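Q: I would like to learn how to read a protein model, one feature at a time. Could we start with the strands and then move outward?

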Amino acid sequence: MRMVYTGADEEDFIDARERLLVELDAWAQMRQRVVDPVVAGALLDYRFERDGLLGRWTREILRGALLNWFPRKVVLLDPHSSAVLSTVEALLDFLDDADLYDMRSEPPVVLRSFVRAIGPRFDEAMRDPANFGLAKFWAVAMAENGIDPLDEAEAQRFIERVQHGEIGVDQGLLHEIAYRHYDGDPEVDPQDPVPVFALAPESVLAADAAGTPVVRRLRRFADWVGEGRELAAKGRLTEADACDLVDRLGVDDPAELVSLAKTAGVVRARGGRLVRVKRAAPVLEDPLALWRVAIPHVIAEVGEPVRRRSADRHLALDLLESVQADHDYATIPMLVEILDGLGETARYASDAEPVLRVVRRLSDFGLVELLPAREEHYPDLIDFAGVDSVDEVPAEERQVVRILPLGVRAIYDARVCAGIPTLTLDDLAAETAEVFFTRIAQLSPEAFEEGANRWLRARQPERAIVELSEIARRTDDFEHRMRAFQLLGEFGEAGVAAIAGLRDHSAAGPAALAWLLEAGLIDASEVSGRERTYSMVDVLAADIRSAGRKKAMESFAAQPRPAQLLFLADATICGHPSTREVLESMVVAHPDRAVSNAARKALDWLQDPGTFT
């Protein structure tokens, strides 16, 4: 079963949580353990909201869940520690028995001891209304007055009666809780995933920096300044020098170039003259060093106050982060809409003009490039521009912004300088295979290849083969399993032997057989019908989750209809845990009504096979 949902859609997590709770209930009945599904579900919700690592548990994680998150958010009929903590301990034991523990968890015996000792502190935290969150405060107040919080009409009338003074609540406590709620509560608020940066090597960055307009311009400007230039009033260039600079360097704004050179520490004003800074000579020889000292001129520091004069620099930072967050590409209309909702900088990006201006500046620094939008970008252009056709989008907005390696590095450096958590491919190399696969999925194929090389180099081959084999057996995520096979294949005979050893595994076996078949290592006659069907369900389920029902069904429908109907007949008995999901998708999204109706019958049989005997 997949246990890492960092950055996943909430619907995917909810499905996983329900599967885990079903497994937990079956385990509890066999072990004669009492489990409250509300408590267990709340614990899994906490792990999803914090970092999505459902199988990773430590004392610190349990402390945050039981002493902060539960008191803030969870309303229980029996909140006493004896009822709650017995479920917590049972969940931990279940994960241990089912081999679902993350290897970075603390030992189960340590966690059990912690849970048993925390009871009095848990009871105290759950009883104190000052620990409640805003929603829980109102839910408890309603329950104490005989109101069902889930009845929206009754709940609204209750709040109105409180506002009119007909029902009393602790107003001081309510204000304190409300302030905490609106200011943000980092101990319990959902956390965004820490972004992963695929950083280019320094040698690549240096070569890119050397080719940027800004580095070339600064070097030529330093040569132009030479032994010094006389300055006019208020430290400005003389009119003659400004004209000379325009002619020789092709500069549109001489004052802007002087400001850039001062920011980079290349020149300074002294005694009424503009002179070169001697200690900057080594920097001028090093293109990457020169690029780095120039970056503050175009990008604001994280947390720097927003002022009108620095608006473009703040827009630049927000724009770069937005493009990077959208898989390194973004259309101009998309950026306009994103930046229009970013609070302090929104007033400076109400249309495309400031966005295009800032993008051009970033391009000068080698951070991004502007490309003509292709057909694949047209739906995005239409949606964000709010028009009916691409022809209605202004020509200059029909462009795509792509972040470049220097841009990725600039964002990374800005976050590190501000003390904001960041991850690199080297950080992922030290992680488990499942965390690596989950986090790398949002990056480019090149980043996956580089990350995989680092992950493999970070452990002994024997250990890597064991870890990859474990995730192939345990996961119900088709993409993760195939990635595990891909990396196992890097170990040659030993890796292939590990994949072949999974052929008889109930879940991983069909996929292992399909991989061996595709690699030409076994003959097609060795693959049974059930194995083919199981693998097809694997593939369809993965396509549905990645591309959506409609596209997945269109691809499936390309097969001859008899082959599709035969698949439906076999799918109901192949035993794949995602069969129901696949059949439901066929019922609602398959373009062929005959196949859709057959899928409905297969789904009915799957839900109640007894009615068809």
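Q: In what order do the 3 strands of the open sheet lie, and how do they pair?
A: This is a predicted model, and in it the strands of this open sheet lie in the order S2-S4-S3, with antiparallel pairing. The edges belong to strand S2 (229-230) and strand S3 (267-270), each of which pairs on one side only.

Q: How many bridges join S3 to strand S4?
A: A pairing can be read bridge by bridge. S3 and strand S4 (residues 273-276) run antiparallel and are joined by 4 bridges. Valine 267 stands opposite arginine 276 of S4, while arginine 268 has valine 275 in S4 as its bridge partner.

Q: How many bridges does the pairing of S2 and S4 have?
A: S2 and S4 pair over 2 bridges, in the antiparallel sense. Here glutamate 230 has arginine 273 in S4 as its bridge partner.

Q: What lies between the strands in the hairpin of S3 and S4?
A: The hairpin has 2 residues between its strands, and glycine 271 in this hairpin takes a positive phi near 55°.

Q: What sign does phi have in most residues other than glycine?
A: Most residues other than glycine have a negative phi. With that in mind, look at two cases here. Aspartate 99 has a phi near 55°, a positive value in a residue other than glycine. Lysine 234, also not a glycine, has a positive phi near 60°.

Q: Where are aspartate 99 and lysine 234 found?
A: Both can be placed by the elements on either side. Aspartate 99 is in the loop between helix H4 (81-97) and helix H5 (108-117). Lysine 234 is in the loop between S2 and helix H12 (239-249).

Q: Is aspartate 99 buried or exposed?
A: The cut-off for exposed is over 50% relative accessible area. Aspartate 99 counts as exposed because its relative accessibility is 59%. Lysine 234 is exposed too, with a relative accessible area of 76%.

Q: Where is glycine 165, and how far is it from leucine 319?
A: Glycine 165 is in the loop between helix H8 (152-163) and helix H9 (171-183). Its relative accessibility is 60%, so glycine 165 counts as exposed. Distance can be read both along the chain and through space: glycine 165 and leucine 319 are 154 residues apart in sequence and 48 Å apart in space, C-alpha to C-alpha.

Q: How many disulfides does a search of the whole structure find?
A: The search finds 0 disulfides. Cysteines can still be read by their exposure. Cysteine 417 counts as exposed because its relative accessibility is 72%, whereas cysteine 574, at 2%, counts as buried.

Q: How many helices and strands does the protein chain have?
A: Stepping back to the whole chain, there are 32 helices and 8 strands. The C-alpha trace spans about 95 × 75 × 55 Å along its principal axes. Of the 613 residues in the protein chain, 48% are buried.

Q: What share of the contacts in the protein chain join residues at least 24 apart?
A: Among contacts between residues at least 6 apart in sequence, that share is 67%.

Q: What does the protein chain expose, and how far apart are the mean positions of its charges?
A: The chain exposes about 31000 Å², and carbon and sulfur atoms supply 50% of it. It has 71 positive and 105 negative charges, whose mean positions are 6 Å apart.

Definitions and conventions. Residues numbered from 1 in each chain as written. Predicted model: local features only at pLDDT ≥ 70, side-chain atom pairs only at ≥ 80, totals over all residues. Heavy atoms only, no water. Buried < 20%, exposed > 50% of the residue type's maximum accessible area, 1.4 Å probe, protein only. Contact = heavy atoms within 4.5 Å. Areas by Shrake-Rupley, 256 points an atom, 1.4 Å probe, with all protein chains shown as cover. Lys, Arg positive; Asp, Glu negative; His and termini not counted. Charge placed at Lys NZ, Arg CZ, Asp CG, Glu CD. Pairing = 2+ DSSP bridges. Disulfide = S-S within 2.5 Å.
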